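Subject: Structure for you to look at

Dear colleague,

I am handing over the structure we spoke about, and I would be glad if you could open it beside this message and follow along. Please take your time with each part.

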Amino acid sequence: MKPGVAIRILVAALLACAGAGASAAPRLPASGAEVLEVLPWRADPQQRELRDLRARLQEAPRDLPRAVEVARRYIEAGRREADPRYYGYAQAALDPWWRLAAPPPQVRLLRATLLQSEHRFPEALADLAGLTAQQPDNAQAWLTRATVETVRADYAAATRSCARLSSLADELVTMACIANVGAMNGKLAASERLLAVLRARAGDGAADPAVDTWVLTMLAEMAQRRGAAADADTRFRAALRRAPRDTYLLGAYADFLLDAGRNDDAAALLAPHARVDGLLLRHALALRQGGRKRELVPELTELAARFDAGERRGDGVHLREQARFELALRGDARRALAIARRNWDVQKETADARILLEAALAARDSASARPVLEWMRSARVEDVQLARLAAQLDPKFNLAGGKA
Amino acid sequence: MKRLWTLFTLFLACATWSLPAAAHKPSDSYLRLTTEQNGADVRGEWDIALRDLDYAIGLDADNDGRLTWDEVRNRHGAIAAYALARLHLERGGAACELMPGKQLIDNHTDGAYTVLAFAARCPRTGPLAVDYRLFADVDPQHKGLASVRDGTSVRTLVLGSDRPRATVDDGAGGAASGFLDYVRHGILHIWIGYDHILFLVSLLLPAVLVRDGGSWRAVGRPRAALADVLKIVTAFTVAHSITLSLAALGVVALPSRWVESAIALSVLLAALNNVLPVARGRRWAAAFLFGLVHGFGFASVLADLGLQPGALAASLVGFNLGVEIGQLAIVAVFLPLAYGMRSTWFYRRVVLVGGSGAIMLVAALWLGERLFDLKLLPV
């Protein structure tokens, strides 16, 4: 890092700390007409409907179907707006059953979903195991269970859960579930081929739009991991046409653009999404890689304040992003490594592996990278970026039996 | 099948691979309590998001989605009543009486907050207990981030529906422990920071000798040695206190690689001076000059520990005091030993020259490591 940049980042960080710590200056607004806050839930009809539903639930808070409906709608809103406050409202709707060891199945599925969104994976898995034991034909429960098992790198269990779907859900969903596990587990090329064939057979746009976006995103990431940039780009853009505001998709495509050095494209893609921490982070990375230093400074301050707020709360939800922030934007490799290691204890996806390897390289601490290298070996992970980093950390690294 | 798709959409909603980051922000409030020393009063300031208040009790009178200062101001009474009914303070087992004060506006990363001032009349003694239920019924994921300040110590608490109650330790013990932690860290840092020890030792080695022509001879009286040590230690202390404070308060910031390299260089030069004396009678000046650099090094440790918000001065003074205590302990061990051995050939040749040579070697390796970001030594 150039000293000039380092000093500027330090100054930005110090200002951010000052701003985030003790709230700097409570003020008296100058005029009664001054608008202090714009509320998110007035404008669109979905929100109005949600408010009516909530009002009806307040009349009968123990009405199970009503409560489940309200919780589900809030979770959808949380997803749509990428706003975690809605998850809290969803939990409130489920309050009469929230603390039961074995709540009604509908509640248990939603509880698992909410626990998962807070990265409380072991608790989510306990609920999903109980639920699938109680209702072995609950396709949704098996699918969610497979996802959590994949995040926890328990690929054998995830494959078993996906297999349970075959008689319960349609072919594309079942195969997408299996391919998602297989692609992490030594069968990247075969999984990608199979999934592409099935999607083509289902006919372009024939499937449910949400499923299609999901499958397309998955295919794009598989192409990216084998280093086929053109295929990945085409698929990412096709998925974005279907779901232009999908937070995960925007983040994944931005990462792809950043790796390709298409910094201005990445910045333009994310410019309207600064409210979402993970997307603001990538926007700042695009500015930094593109040398747009003047625009970068306020974003660094804002990100520092946001991560600080998360840390004070004791949340572990954005450890992955925070580690990237510390490494790439603050240049603090040791702190980034410590955070990336904490994150690795919670979740084990390629992005989690990558930030840990990058931080270990920058901190010259190859011992810390060992669990990830071991995971890559034992799961036979194929990914051009991870393979490149692993080779830098350990020149003798190769995937025993894998096709690196 | 239709039903499965509805559920499927929902599943996508929360699958981790569909949400890389908690976006926007979960709901938090920021509660600051200040207890007066030996007083009955606790002062409070409570930042609560306007968005959360609107969701719970409604602030947007004209329902246009835009909260104006008038709309908020008109609801100040309702806000204070709602919030204070969900905060329960007690001291020594007896409840405190909460009285609302005025409200201002402040901004946090996720929007505008009301800043509710209040006073609490509490019993004089006993531990302070906080019971926090704000928004527990409408958003169980809401958290209250409280900091309780008592004199110089600040305790932070994270309160929420899964942990609504916490007790803050009472009085002097609590006040001292935060401060003492910093003192302890200061001592520890100078003891395990070999570069600081070697720098100090390099400067102190010749303190029991005087230069006589081209060679060293022992000082006659302990006073002369003591005066020399005192000058060096004082200069070093004053210098690093200055830069430690400047850096910790954010007035000056230097890249840590430069600082660490300059510290290694200072050790190298201090040791070199014992073999090829340049700064003979002015070692205190060298101690001052390089002490400035070491202060920046101390500051980076303090930055890792984190200064306690609201107790900045106490953390800083505590840490610095720890560094001085650690340093005096080193001097107290070193000086009698060196004074006892000062007239021996062993001290003048092996300890002074050989020791300085060894220090130079270590310092040179450090310098290489730090300049070129290598790893050569185990420490």
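Below is what was found, beginning with the two chains as wholes and then turning to particular elements.

Please keep in mind throughout that this is a predicted model. For chain A the mean pLDDT is 90, and 91% of its residues reach 70 or more; residues 1-24 of chain A, however, stay under 50, and for them the model has 37 contacts beyond four places in sequence, so I would ask you to read that stretch with care.

The secondary structure of chain A comes to 22 helices and 1 strand, while chain B has 11 helices and 13 strands. Of the 404 residues of chain A, 49% count as buried, and for the 379 residues of chain B the figure is 44%. If you take the contacts in chain B between residues at least 6 apart in sequence, 72% of them join residues at least 24 apart, whereas in chain A residues 24 or more positions apart account for 48% of the contacts with a separation of 6 or more.

In chain A, helix α7 (residues 121-134) and helix α8 (residues 139-151) pack at an angle of about 145 degrees, with their axes 10 Å apart, and their crossing is left-handed. Among the residues that make this contact are F121(A) and L128(A) of α7(A), together with W142(A) and V148(A) of α8(A). By class, the contact has 9 nonpolar, 2 polar and 1 charged residues.

In chain B, you will find an open sheet of 6 strands in the order β6-β7-β2-β1-β9-β10, with mixed pairing. Strands β6 and β10 (153-160) of chain B stand at the edges, and because each has a single partner strand, one side of each is left without a neighbour in the sheet. Neighbouring strands of this sheet are turned by 20 degrees against each other on average, direction ignored.

At one of these edges, β6 (residues 97-108) of chain B runs antiparallel to β7 (residues 111-121) of chain B and is joined to it by 10 bridges, with Q103(B) standing opposite L116(B); a hairpin through 2 residues joins β6(B) to β7(B). At the other, β9 (residues 143-150) of chain B and β10(B) run antiparallel with 8 bridges between them, and A146(B) has L157(B) as its bridge partner.

Finally, which helix of chain A lies across β1, β6, β9 and β10 of chain B? That is helix α17 (residues 293-313), which runs at about 85 degrees to β9(B).

With best wishes

Technical notes. Residues are numbered from 1 along each chain as its sequence is written. Chains are lettered from A and ligands numbered from 1 in the order in which they are written. This is a predicted model: local features need pLDDT of at least 70, side-chain atom pairs count only at pLDDT 80 or more; totals for chains, interfaces and linings use all residues. Helices (H or I, at least four residues) and strands (E, at least two) are DSSP runs, numbered from the N terminus. A residue is buried if 20 or more other C-beta atoms lie within 10 Å of its own, exposed if 12 or fewer, and partly exposed in between; C-beta atoms are placed from the backbone. Two residues are in contact if their C-beta atoms, placed from the backbone, lie within 7 Å. Axes are lines fitted to C-alpha atoms, for helices over the stretch in contact, and angles run from 0 to 180 degrees between N-to-C directions. A crossing is left-handed if the near helix is turned anticlockwise from the far one by less than a right angle, and right-handed if clockwise. Ala, Val, Leu, Ile, Met, Phe, Trp, Tyr, Cys and Pro count as nonpolar, Asp, Glu, Lys and Arg as charged, and the others, Gly among them, as polar. Two strands pair if DSSP finds at least two bridges between them. pLDDT is the predictor's confidence in each residue, from 0 to 100.
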